[in-house]
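Reader: Hi! I'm new to looking at proteins in 3D, and I'd like a close look at one part of this model. Could you walk me through it?

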Amino acid sequence: MPAIKKRPEQIYSEAITKQIKIALFNKGWTQEHLAKIVGYDKAKVNRIINKPLRYNLLDLLCISGKLGVRILSDDICNK
């Protein structure tokens, strides 16, 4: 059976999640620490990180901005 092709939005969502998780690791931060910095509860941060395209863009930009992740870049899927 051939592999199921991912939709473009799935590819972007996975790429954003990957970049955010890498940034958290590189900074030595937990999701709980990030939640305190941005003023959200840990559960909301977790949901935004794991399903980024299902949430408000401003929430995603707030989190990515604190981590220094550029999510609006055309090359995000190449990282």
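Is the crossing of α1 and α4 left-handed or right-handed?

Author: Happy to help! Please keep in mind that this is a predicted model. The crossing of α1 and α4 is left-handed.

Let's place the two helices first. The chain has four helices and zero strands, so to speak a run of α-α-α-α when read from the N terminus. Helix α1 covers residues 8-27, and helix α4 covers residues 57-67. Their axes come within 10 Å and cross at roughly 40 degrees. Angles under 35 degrees would count as roughly parallel, and 65 to 115 as roughly perpendicular, which means that α1 is oblique to α4.

Now look at the residues where the two helices touch. From α1, the contact is made by Ile16, Ile20, Ala23, Leu24 and Lys27. From α4, Leu60, Ile63, Lys66 and Leu67 take part. Sorted by class, this contact has seven nonpolar residues, two charged ones and no polar ones. You can find Lys27 on α1 and Lys66 on α4 in the contact, and lysine counts as charged.

Finally, let's step back to the whole chain. Of its 79 residues, 32% count as buried. Among contacts with a separation of 6 or more, 56% are between residues 24 or more positions apart. The accessible surface of the chain comes to about 5600 Å², and carbon and sulfur atoms account for 54% of that surface.

Definitions and conventions:
Residues are numbered from 1 along each chain as its sequence is written. This is a predicted model: local features need pLDDT of at least 70, side-chain atom pairs count only at pLDDT 80 or more; totals for chains, interfaces and linings use all residues. Side-chain values use heavy atoms; hydrogens and water are left out. Buried means under 20% relative accessible area, exposed over 50%, partly exposed in between (1.4 Å probe, protein chains only). Contact means heavy atoms within 4.5 Å. Accessible areas come from the Shrake-Rupley method with a 1.4 Å probe; for residues, only the protein chains shown count as cover. Axes are lines fitted to C-alpha atoms, for helices over the stretch in contact, and angles run from 0 to 180 degrees between N-to-C directions. Angles under 35 degrees count as roughly parallel, over 145 as roughly antiparallel, 65 to 115 as roughly perpendicular and the rest as oblique. A crossing is left-handed if the near helix is turned anticlockwise from the far one by less than a right angle, and right-handed if clockwise.
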